[in-house]
Amino acid sequence: MIQDLFDLTGRTALVTGANRGLGQGIALGLAEAGADVALLSRTGAAATAEQITALGRRAFEVTADLATATPADLAAAVDRVVAQAGRLDILVNNAGTIKREPAAEHSAASWAEVIKVDLDAAFFLAQAAGRHLLAQGSGKIIFIASMLSFQGGILVPGYTAAKHGVAGLTKALANEWAARGVNVNAIAPGYMATDNTAALRADPARFESLSARIPATRWGTPADLQGTAVYLASRASDYVHGAIIPVDGGWLVR
Ligand code: NAP
């Protein structure tokens, strides 16, 4: 049956930033498709874990602050997931932060934190998870990119640099790992109603101009990413490598 291609029963996923927002939606979507899910957060993800358990799947919690974690810390976090869950099949590099400050005044601290969380941690988690997936000869890595993997944005130079980096990493890792059974792809969400965009939605002028440009005429929600996440995590995408799939209500083609 074609539906079986999307079945994640028996797989284990690690989702970062799974305590709220898009990461929580993705974690729940993967669990609904059958996966057990390890939830990486800095302060715990009990609410997500509860919902996953209620679906009849196993949930594991791993804590790490991606702004301060070293590559060795991240490798240890991945090892803990493998030890607890018994396997790892899917990594969703979702956690991210954003600092809105004009380029001319953008502080070194804001720049450093965004690059550390959104780019460095994403790479070193992919590297650590990738070693397990390459050893078993199969697996799926999904980066969460952005419209600002393609466009420049306003007031967010560090975020734009990091998300362009994420797009490049998706392609670079796909080139190295496609022949070894590991798919590396990305989802580029459009404008989604989460804490990440709270400042934009609270500014009436920005809210109106952004909303008017979305062909689907509404902002996205965490649930809008679930289908693409399950697809990229499943056998259905086995011949898809290095793709950056916009889930943006049509924003990019406007
Ligand atoms: P969000 O609601 O602000 O959630 C961000 C998540 O990242 C939270 O779980 C947060 O954990 C985690 N995180 C941030 N800094 C961290 C750190 N130092 N260590 C560990 N975890 C950390 O934002 P979101 O919209 O769900 O964003 C999720 C991803 O989608 C991000 O990569 C973002 O760039 C991307 N994205 C979002 C949009 C959008 O419109 N919302 C559009 C394109 C791309 P805490 O709860 O501990 O802070």
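The expected span of a helix is 1.5 Å times one less than its number of residues. Keep that handy for the first exercise, and remember that this is a predicted model.

**Exercise 1. Check helix α5 against its expected span, then work out what its buried side leans on.**

*Step 1.* Start with the length: α5 covers residues 157-177, which makes 21 residues.

*Step 2.* Now go from the first C-alpha to the last. The helix reaches 30 Å, close to the 30 Å expected at 1.5 Å a residue.

*Step 3.* Look for the buried residues. Among them are Y159, A162, K163, V166, L169, T170, L173 and W177. An α-helix has 3.6 residues a turn, so residues three or four places apart point the same way.

*Step 4.* See what these buried residues pack against: helix α4 (108-136) and the strands β5 (139-144), β6 (182-189) and β7 (244-247).

**Exercise 2. Lay out the sheet and place two helices on it.**

*Step 1.* Write down the strand order. Seven strands run β3-β2-β1-β4-β5-β6-β7 in an open sheet, with parallel pairing.

*Step 2.* Find the edges. These are β3 (59-63) and β7, each of which pairs on one side only. From one strand to the next, the twist averages 20°.

*Step 3.* Zoom in on one pair. β4 (residues 90-93) and β5 are joined in the parallel sense over four bridges, and L91 sits opposite I141 of β5.

*Step 4.* Add helix α1 (residues 21-32). On the sheet, α1 touches β1 (12-16), β2 (36-41), β4, β5 and β6, and its direction makes about 170° with that of β1.

*Step 5.* Add helix α2 (residues 46-54). Its sheet contacts are with β2 and β3, and its direction makes about 160° with that of β3.

**Exercise 3. Follow three of the six salt bridges and say how accessible each partner is.**

*Step 1.* Take R20 and D195, whose closest N and O atoms are 2.5 Å apart. This pair links distant parts of the chain: R20 is in the loop between β1 and α1, D195 is in the loop between β6 and α6 (198-202), and 175 residues separate them. R20 counts as partly exposed because its relative accessibility is 45%. D195, at 52%, is exposed.

*Step 2.* Move on to D238 and K140, which meet at 2.7 Å, N to O. D238 belongs to the loop between α8 (226-233) and β7, while K140 is in strand β5, so the bridge ties together parts that are 98 residues apart in sequence. Are the two partners buried or exposed? D238 is partly exposed at 41%; K140 is buried, because its relative accessibility is 6% and the cut-off for buried is under 20%.

*Step 3.* Finish with D224 and R218, where the closest N and O atoms are 2.8 Å apart. Both get the label partly exposed: D224 has a relative accessible area of 27% and R218 has 44%.

**Exercise 4. Describe the nonpolar cores and pick out one well-connected residue.**

*Step 1.* Begin with the largest core, which has 54 residues. L14, L66, I141, F143, V184 and Y191 have the most contacts inside it.

*Step 2.* Ask which element gives the largest share. That is α4, with 12 residues.

*Step 3.* Check the neighbours of V184. Leaving out residues up to four places away in sequence, V184 touches I141, F143, T170, L173, A174, W177, H241, G242 and A243.

*Step 4.* Look for another core. One of 30 residues lies apart from the largest, and it includes V15, A27, I52 and L225.

How values were computed
Residues are numbered from 1 along each chain as its sequence is written. This is a predicted model: local features need pLDDT of at least 70, side-chain atom pairs count only at pLDDT 80 or more; totals for chains, interfaces and linings use all residues. Side-chain values use heavy atoms; hydrogens and water are left out. Buried means under 20% relative accessible area, exposed over 50%, partly exposed in between (1.4 Å probe, protein chains only). Contact means heavy atoms within 4.5 Å. Two strands pair if DSSP finds at least two bridges between them. Axes are lines fitted to C-alpha atoms, for helices over the stretch in contact, and angles run from 0 to 180 degrees between N-to-C directions. A salt bridge is a side-chain nitrogen of Lys or Arg within 4 Å of a carboxyl oxygen of Asp or Glu. A nonpolar core is a set of buried Ala, Val, Leu, Ile, Met, Phe, Trp, Tyr and Cys residues joined through side-chain atoms within 4.5 Å.
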